[in-house]
Amino acid sequence: MSELKNSGRERDQAEKKVDSEVKSVLTKYTFVAVLVLAVVLMLLSSRGRVEEFDPESVFPTIEETSLLFINESLLPEGEEIELLEIVSIDYSEIEWGLYSYETIVKYYLSGAVRSLHTVWEYRVRDDSVDLSQYSLDGKEWLEP
């Protein structure tokens, strides 16, 4: 009888071990499946926004952000721009949903005309614009 009890216990322990391993594998694969599903849903949800995007709709944002950049990073404290004017904006699609904008901005400061050349990147999926490079003379490029 005791041998039957021992063999029954060993079998129960073996079954519990197998059950535990199966649960562990299922948990791992469930996590991976949920992660993949989340990425697919994210891509599908941004697809419509990317396909309907008008690259010229970013122009006002670039103008406003250029003004902020000049005021915060290029001007001495207490100075203010008298007038900001976009001279040119050229854009190109780098990859699906990512655009590059090259701009030349003219601004007036204390009666003098100055120019700023910039390169912006706009990511449609997360609606973000980032300054990647700028130049005060169009020759020597700096990172912000």
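In strand 2, Glu 102 is the bridge partner of Asp 90. That pairing is a good place to start a walk through this predicted model, since Glu 102 will turn up again further on.

**The strand pairs**

Asp 90 and Glu 102 belong to a longer ladder: strand 1 (residues 83-95) and strand 2 (residues 98-109) run antiparallel and are joined by eleven bridges. Another rung of this ladder is made by Glu 93, whose bridge partner in strand 2 is Tyr 99. The two strands form a hairpin, with two residues between them. In that turn you will find Gly 97, with a positive phi of about 85°.

Now follow the chain onward to the next pair. Strand 2 and strand 3 also run antiparallel, and here twelve bridges connect them. Glu 102 returns at this point, standing opposite Val 119 in strand 3. Strand 2 and strand 3 form a hairpin too, with two residues between them, and Ser 110 sits in the turn.

**Two loop residues to look at**

What kind of phi does Ser 110 have, positive or negative? Ser 110 has a positive phi of about 55°, although this residue is not a glycine. Its place is the loop between strand 2 and strand 3. Asp 127 gives you a second example: its phi is near 50°, a positive value in a residue other than glycine. You can find Asp 127 in the loop between strand 3 and strand 4.

Are these loop residues buried or exposed? Ser 110 counts as exposed because its relative accessibility is 57%, and the cut-off for exposed is over 50%. Asp 127 counts as exposed as well, because its relative accessibility of 52% is over 50%.

**Thr 118, Ser 135 and Trp 141**

Next, meet three residues that touch one another in part. Thr 118 lies in strand 3 (residues 112-123). Ser 135 lies in strand 4. Trp 141 comes later, in the segment after strand 4 (128-135).

Here is how open each of them is, side by side.

| Residue | Relative accessible area | Class |
|---|---|---|
| Thr 118 | 1% | buried |
| Ser 135 | 0% | buried |
| Trp 141 | 36% | partly exposed |

Why is Thr 118 called buried? Thr 118 is called buried because its relative accessible area is 1%, and buried means under 20%. Leaving aside neighbours within four places in sequence, Thr 118 is in contact with Tyr 101, Glu 102, Thr 103, Leu 131, Gln 133, Tyr 134 and Trp 141. So Glu 102 appears once more, this time as a contact of Thr 118. The side chain of Thr 118 also makes a polar contact of 2.8 Å with the side chain of Trp 120.

Ser 135 has its own set of partners: not counting residues up to four places away in sequence, Ser 135 touches Ser 115, Leu 116, His 117, Glu 140 and Trp 141. A polar atom of the Ser 135 side chain lies 3.4 Å from the backbone nitrogen of Lys 139.

Trp 141 is on both of those contact lists. Its own contacts, again leaving aside neighbours within four places in sequence, are His 117, Thr 118, Val 119, Gln 133, Tyr 134 and Ser 135. Trp 141 and Thr 118 are 23 residues apart along the chain, while their C-alpha atoms are separated by 8.8 Å.

**A patch on helix 1**

Let us move toward the N terminus. Leu 35 has its place in helix 1 (residues 2-51). With a relative accessibility of 48%, Leu 35 counts as partly exposed. Leu 35 is one of the members of a nonpolar surface patch that also holds Phe 31, Val 32, Val 36 and Val 39. Together, these residues have about 460 Å² of accessible area.

**The whole chain**

Finally, step back and take in the full picture. How many helices and strands does the protein chain have? There are two helices and four strands, and from the N terminus on they run α-α-β-β-β-β. The protein chain has 144 residues, and buried ones make up 23% of them. Its exposed area is about 10,500 Å², with carbon and sulfur atoms supplying 53% of that. Of the contacts with a separation of 6 or more, 39% are between residues 24 or more positions apart.

Technical notes. Residues numbered from 1 in each chain as written. Predicted model: local features only at pLDDT ≥ 70, side-chain atom pairs only at ≥ 80, totals over all residues. Heavy atoms only, no water. Buried < 20%, exposed > 50% of the residue type's maximum accessible area, 1.4 Å probe, protein only. Contact = heavy atoms within 4.5 Å. Areas by Shrake-Rupley, 256 points an atom, 1.4 Å probe, with all protein chains shown as cover. Patch = residues over 30% accessible without salt bridge, like charges linked within 9 Å, V, L, I, M, F, W, Y side chains within 5 Å. Salt bridge = Lys/Arg side-chain N within 4 Å of Asp/Glu carboxyl O. Pairing = 2+ DSSP bridges. Polar contact = N/O pair within 3.5 Å; in protein donor to acceptor, adjacent residues only side chain to side chain.
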